[in-house]
Amino acid sequence: IEHVMIECAECGCIVDRGLRLRACANDHCCCAELPMQTMDTLATQVRHALESADLTVMGELLAADARWGAPEQTVPTCRNSQQILKWYEAGKNMGVRADVTEMLIIDTNIVVGLQMRASPEVPSNAADDVRWQVLSVEDGRIAEIRGYETRREATEFATTGVSNWRQ
């Protein structure tokens, strides 16, 4: 087993890969020596997963009930991590890759600028497109991914947007 997330039986902290995702309120926490996962740490992991097209790593970063879709959708296209991973896998199989051009952390959101590129062997409509995604984080995992056409739209949602997908 490469990846196990646990809830500490002693204090209730959520621990994953040696990092606390959620700390308990106990002043004498048994997990206090473990570092907290930061948004910076998560953003680095996201960059690696996207640029390497590593579906295993991406799967570890997603909440089981993660959602993915366009901002105008009332019901997202993907409604769990397995559907999201199948979407990424379909793109990967079509030869589509992405270079991360920019990452911004805004509160509990990671705004990702992506330069899409396609394999010369596999024609794709995504070649040379610039895409923006907002990854919303809850309890140390990506809970929502929304796709945007412009940086302004993405940062605006990350700054002021309220999700209706989880209500």
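## Burial and surface

Let's start with the inside: buried residues account for 43% of the 167 residues in the protein. Keep in mind that this is a predicted model. On the outside, the protein exposes about 9,400 Å², and carbon and sulfur atoms supply 50% of that area.

As for charges, there are 16 positive and 25 negative ones. Their mean positions sit 4 Å apart.

## Overall dimensions

How does the radius of gyration fit with a compact globule? For 167 residues, such a globule would come out near 15 Å, and the protein has 17 Å, so the two agree. Taken along the principal axes, the C-alpha atoms fill a box of roughly 55 × 35 × 25 Å.

## Fold layout

The protein has four helices and eight strands. Reading from the N terminus, the elements go β-β-β-α-α-β-α-β-β-β-β-α. On the contact side, take the pairs between residues at least 6 apart in sequence: 39% of them join residues at least 24 apart.

## The hairpin of strands 5 and 6

Strand 5 covers residues 96-106 and strand 6 covers residues 109-118. The two run antiparallel, joined by 10 bridges. One of the pairings puts Asp99 opposite Gln115, its bridge partner in strand 6.

What links the two strands? They form a hairpin with two residues between them. Asp107 is in that turn, and its phi is positive, at about 60 degrees.

## Two buried polar side chains to look at

Gln133 belongs to strand 7, which spans residues 130-138. Is Gln133 buried or exposed? Its relative accessibility is 8%, and because buried means under 20%, Gln133 counts as buried. Setting aside residues up to four places away in sequence, Gln133 touches Trp68, Tyr88, Ile110, Val111, Val112, Leu114, Ile145, Arg146 and Gly147. Strand 6 runs over residues 109-118, and the Gln133 contacts include Ile110, Val111, Val112 and Leu114.

Now for Thr155, in helix 4 (residues 151-160). With 15% relative accessibility, Thr155 counts as buried too. Which residues does Thr155 contact, leaving aside neighbours within four places in sequence? They are Leu104, Ile106 and Val111. Val111 also turns up among the contacts of Gln133, so helix 4 and strand 7 each have a residue that touches Val111.

Conventions: Residues numbered from 1 in each chain as written. Predicted model: local features only at pLDDT ≥ 70, side-chain atom pairs only at ≥ 80, totals over all residues. Heavy atoms only, no water. Rg over C-alpha atoms; globule rule 2.2 N^0.38 Å. Buried < 20%, exposed > 50% of the residue type's maximum accessible area, 1.4 Å probe, protein only. Contact = heavy atoms within 4.5 Å. Areas by Shrake-Rupley, 256 points an atom, 1.4 Å probe, with all protein chains shown as cover. Lys, Arg positive; Asp, Glu negative; His and termini not counted. Charge placed at Lys NZ, Arg CZ, Asp CG, Glu CD. Pairing = 2+ DSSP bridges.
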